[in-house]
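Reader: I am new to this structure and would like to look closely at one part of it. Please take me through that part slowly, and then through whatever connects to it.

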Amino acid sequence: MTSENVLDYSTTDAPTLGKRLKPWLRRILGVVITLAIFVWMFKPVYKQWDLVKEPILKTDWRLFFLASAMFAAFLFIFRVLSWRWIVEGLGHKLPLAPATRIWSTSELARYLPGAIWQVVGRVYLVRPYGVSGPVCSTSQLLELTVFLLANVLVAVSCLVFQGTKLPDSTASKSLYFFALLIPTLLILIHPTVFYGLLNKLMGRLNKPQIVQRLSGQNLIKLTLWAILGLLWQALAIWLIVHGPLHLGIRKWWIVAGAYGLAWCSGFIAFWAPGGLGVREAVFMMVMSHILPKKLRVDIFHSPEALAAFLAFLGVLLRLWATTGELMLTSLAYSFDFKGAMGKTKPPVDEIPIDRSPTAPEHVAQ
């Protein structure tokens with residue numbers, strides 16, 4: 001083998017190996033960061049076990065499963081139906097049972113390493129119902145943008161007057177960041193801006209343009225619908241935390257704001273599948289500073305004991321959310337088992353689309 005051949009081999013194969021290793025290195029780094037967060041969270045639980053074991057062991061599992069059922073209802077009424085309405089606004093009408101199965105399955109896929117499985121999985125599952133990949137991806141982008149905006153509005157509204165109680169930490173920086181993000185999201189969700197940017201991207205990817213559109217009025221309705229759902233979700237969380245924290249119903253806004261901010265932080269944590277670890281850590285930090293001082297002092301007696309219990313509570317709420325997701329997914333597959341097995345031909349009920357450029361429904365309101 002000549003020196004030239006050796007040189008050619010090293011220069012052509014080395015980058016290929018690097019490209020292959022890069023995704024795995026990124027995933028490994030994400031796992032390491034997530035594990036480090038959980039170690040940091042559970043360290044006070046281990047050190048303060050004698051002080052926090054009583055409220056932990058007194059967890060009311062009946063309320064836990066009731067709250068999980070409430071969360072499953074929230075996912076169906078305020079998430080599945082919203083996505084189905086968006087798909088309908090883009091020109092396709094999905095049957096309810098398959099829409100629920102497709103949405104819930106793709107949501108669970110977000111826990112897989114990598115950030116594409118939730119999107120790719122839904123595109124694959126909805127394709128037999130006549131929904132193209134670009135339309136499905138557009139519906140997901142709209143759904144997530146609307147839901148992120150609703151979470152930001154709820155979190156900032158509930159915590160804005162408590163912002164001064166948050167020290168210079170990840171929690172306070174997250175609050176200020178998302179407060180500044182509100183105008184950006186409002187501009188981005190405007191139909192003219194959203195569809196303009198989207199169709200430019202479609203053109204560069206040689207994909208068909210998105211012709212059928214949701215109006216600005218419909219997007220506002222979807223945002224308000226999501227906010228209403230988040231208030232229902234906050235009630236479910238309050239059922240779990242109010243007992244050990246001695247939190248009256250009038251303090252529901254505390255858990256609404258803390259969980260909303262935690263969800264947003266987990267959403268932008270690209271390295272953590274499903275915001276795993278980040279959501280729990282931010283929830284723990286926010287709650288430790290905005291709980292009434294009397295509760296913090298009289299019940300837990302020390303900041304360390306409070307931090308330990310809130311760490312447990314953050315993990316419990318992850319278990320609560322996953323339980324609700326599994327409830328919804330199980331019901332979805334039981335009602336659409338034949339569709340899941342591909343034993344029936346899915347009905348396709350596509351809304352007629354007037355593709356003329358002067359059609360009134362194409363004009364964003």
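What volume does the largest cavity have? Please also describe the residues around that cavity and the helices they come from.

Author: This is a predicted model, and in it the largest cavity has a volume of about 60 Å³, while the count of cavities of 30 Å³ or more comes to 4. The lining of the largest cavity is made up of Phe-78, Arg-79, Ser-82, Ile-86, Glu-143, Val-146, Phe-147, Leu-222 and Ala-226. Helix H3, which spans 61–89, helix H6, which spans 133–159, and helix H9 each supply at least two residues of that lining, and the largest share, 4 residues, comes from H3.

Helix H9, which covers residues 216–245, can also be followed to the surface, where this helix gives the most to a nonpolar patch, with 4 residues. That patch measures about 510 Å² and is made by Leu-228, Leu-231, Trp-232, Leu-235, Ile-249 and Trp-252. Trp-232, whose place is in helix H9, counts as partly exposed because its relative accessible area is 34%, a value that lies between the limits of 20% and 50%.

The cysteines can be read in a similar way. Cys-136 has a relative accessible area of 1% and is therefore buried, and Cys-158, at 13% relative accessibility, counts as buried too, because the limit is under 20%. As for disulfides, the count in this model comes to 0.

Definitions and conventions: Residues are numbered from 1 along each chain as its sequence is written. This is a predicted model: local features need pLDDT of at least 70, side-chain atom pairs count only at pLDDT 80 or more; totals for chains, interfaces and linings use all residues. Side-chain values use heavy atoms; hydrogens and water are left out. A disulfide is a pair of cysteine sulfur atoms within 2.5 Å. Buried means under 20% relative accessible area, exposed over 50%, partly exposed in between (1.4 Å probe, protein chains only). Patches are made of residues with over 30% relative accessible area and no salt bridge: like charges are joined within 9 Å, nonpolar side chains (Val, Leu, Ile, Met, Phe, Trp, Tyr) within 5 Å. Accessible areas come from the Shrake-Rupley method with a 1.4 Å probe; for residues, only the protein chains shown count as cover. A salt bridge is a side-chain nitrogen of Lys or Arg within 4 Å of a carboxyl oxygen of Asp or Glu. On a 1 Å grid over the protein atoms alone, a cavity is a set of points where a 1.4 Å probe fits but cannot get out, and a pocket is an open set with protein on both sides within 12 Å along at least five of seven lines; lining residues have an atom within 4 Å of a point. Grid points are joined across faces, edges and corners, and a volume is the space filled by probe spheres set on the points.
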